[in-house]
Amino acid sequence: MRSAQGSPAPRLSPPARGDHHVQFYEAPSFLFDVVARFLATGFQVGEPAVVIATEAHLSGIKAQLNAMGFEVEPALEDGRLVLLDARDTLARFMVGGLPDWSRFQQVIGAVLDRSHRAAGGRKVRAYGEMVDLLVKDQNPQAALLLEEQWNELGRSYSFSVLCAYALGGFQTQEDARTFHQVCAAHSHVSPTESYSQVPDDELRLREIAALQQRSRMLEAEIEHRKRVETELLTAVRLRDDFLSIAGHELRTPLTTLQLQLHSLVHLVQQTGDPHMWERLSRARKQAQRLGTLAEQLLDAVRIGAGRLTLQVGACDLSALVQEVVERSAEAAAQSRCQLRVLVDPSVRGQWDGARLEQVVTNLVSNALKYGAGGAVEVMVKASRDRATLVVRDTGIGIPLDAQARIFDRFERAVSTNHYGGLGLGLWIARQVIEAHGGVIRVESEPGLGATFTVELPYGA
């Protein structure tokens, strides 16, 4: 059976002739010794060798061979030893992320054939770690397919091949499946040095027993973590359900309250009572704040469920910013901030105006809240491929360790005892900006204020 690019489909079974070995290792020094002994055994009976390894490992294997008394340079000159770079060799037969069978035959088959003929028909010993590179590249499918192609090649060429994998490349549950498939594709499997170098059989049995116990322990831990993960996912779903219900339940009385307050505004305007007007203004602000919090709760649920949708259309960011700033004039006066605006005229793009208004309002409100008593600057600039919004304050600033997490859900850089809010505003802002294909970032130092920068491509 053949797979894509004419490659043999993985059988995940060892070769019939039993000449495909795999060595797992932890330290490169152990690997160099194993490979050198594998090659030296062949050299003693006149078998040539082909080594396909990384540059660093080629140097280590050569040094080990020299240390064992084998003269490497003469063997390279007369063709008894061939050294190939693993990454370069891989590149010669990989197609679309998978090893191509025809190209593999041409590249590797030609090398083996030359060595075979040069040695008078003797069997060739080959060492390769291209498969290990593929696993490290997180391409186990290609590694397994390449192992099977080595087995397939063994039907046409007389050789014994040793593969090697760093045990550290198999860490996850998915890696465990790959590990077992790798073992199945070889006729001989050798464990790492922590077992291979144990001096006698009794100690090896003890080591096996210890490994079995650790395996059971890890299996139990995996099952425990699966249960905890399920419980956490359930808790998150229940939390989101609660937030959604709370947000919707708050909306109804708030709408009624805001309508009543609106009616009272007309009555107070007729009576002209300044004390009543002041109290009514405070009530309206609190109702507006509650409305904002309810919308943030609903947005948190929508975004968490992947339901943030943009209503994209023509939008003038400069005009939008001007409107938000005008609405913020009273809040600026109360916070004793000097609110300055500098915008390029008519910065237009294809954006969701309502969502961008939400972002601008959040950034300006934060600047007025945390920069009380100082200057707050709002700027809009146009460049060739994007619009830039900058909101700068001279307030308390944000510590460096908090500058990344303030864009996460329910995260805050200050104590809730001194500043209100749910810790959702900047998270929602980031989601909105990134949905537009833009970025939002902050630069700040404690005591020196904060500068938030939003960059938006013109087409969402």
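In the predicted model, helix α8 comprises 12 residues and extends 17 Å from its first C-alpha to its last, close to the 16 Å expected at 1.5 Å a residue. Three of its residues, T178, V182 and C183, are buried. These residues lie on the same side of α8, because they cover an arc of only 140° around the axis. This arrangement may be set against the general geometry of the α-helix, in which residues three or four places apart point the same way because there are 3.6 residues a turn. The buried residues of α8 pack against two strands that flank the helix in numbering, β9 (159-166) and β10 (188-190), and also against β3 (20-25) and α7 (140-153).

Within α8, T178 was examined individually. T178 has a relative accessibility of 5% and therefore counts as buried, the cut-off being under 20%. When neighbours within four places in sequence are set aside, T178 is in contact with P140, L144 and F170. F170 also belongs to the lining of the second largest pocket, where it is among the residues that lie nearest the centre.

The second largest pocket encloses about 1,200 Å³ of space. Its lining consists of 27 residues, and those nearest its centre are F170, A176, F179, S215 and L218. Helices α8 (173-184), α9 (193-196) and α10 (201-271) each contribute at least two residues to this lining. The largest share is that of α10, which supplies 10 residues. By residue class, the lining of the second largest pocket contains 13 nonpolar, 7 polar and 7 charged residues.

Helix α10, the main contributor to that lining, also contains V265. V265 counts as buried because its relative accessibility is 8%, where the limit is under 20%. Beyond the residues up to four places away in sequence, V265 touches W277, L280 and R284. The C-alpha atoms of V265 and M276 are 9.5 Å apart in space, and the two residues are separated by 11 residues in sequence.

Enclosed space was considered separately from the open pocket. The count comes to 1 cavity of 30 Å³ or more, and the largest cavity has a volume of about 40 Å³. The lining of the largest cavity is formed by L317, L356, V359, V360, L389, I433, V454 and L456. Two elements, α14 (353-370) and β17 (450-457), give two or more residues to this lining, and the largest share, 3 residues, comes from α14. In composition, the lining of the largest cavity has 8 nonpolar residues, with no polar and no charged ones. The lining of the second largest pocket, by comparison, includes 7 polar and 7 charged residues.

A further helix, α1, was assessed for its span and burial. Helix α1 (residues 28-43) has 16 residues, so that a span of 22 Å is expected at 1.5 Å a residue; its end C-alpha atoms are 22 Å apart, in agreement with this value. The buried residues of α1 are F30, L31, F32, V34, V35, A36, F38, L39, A40, G42 and F43.

Two residues other than glycine were noted for positive values of phi. For R336, phi is near 60°, and this residue is found in the loop between α13 (329-334) and β12 (338-343). R336 counts as exposed because its relative accessibility is 58%, where the threshold is over 50%. For S346, phi is near 50°, and the residue lies in the loop between β12 and β13 (348-351). S346 has a relative accessible area of 41% and is therefore partly exposed.

With regard to the overall fold, the protein contains 15 helices and 17 strands. Of its 460 residues, 41% are buried. Among contacts between residues at least 6 apart in sequence, 74% join residues at least 24 apart.

Methods: Residues are numbered from 1 along each chain as its sequence is written. This is a predicted model: local features need pLDDT of at least 70, side-chain atom pairs count only at pLDDT 80 or more; totals for chains, interfaces and linings use all residues. Side-chain values use heavy atoms; hydrogens and water are left out. On a 1 Å grid over the protein atoms alone, a cavity is a set of points where a 1.4 Å probe fits but cannot get out, and a pocket is an open set with protein on both sides within 12 Å along at least five of seven lines; lining residues have an atom within 4 Å of a point. Grid points are joined across faces, edges and corners, and a volume is the space filled by probe spheres set on the points. Helices (H or I, at least four residues) and strands (E, at least two) are DSSP runs, numbered from the N terminus. Ala, Val, Leu, Ile, Met, Phe, Trp, Tyr, Cys and Pro count as nonpolar, Asp, Glu, Lys and Arg as charged, and the others, Gly among them, as polar. The expected span of a helix is 1.5 Å times one less than its number of residues. Buried means under 20% relative accessible area, exposed over 50%, partly exposed in between (1.4 Å probe, protein chains only). The arc is that of the directions from the helix axis to the C-beta atoms. Contact means heavy atoms within 4.5 Å.
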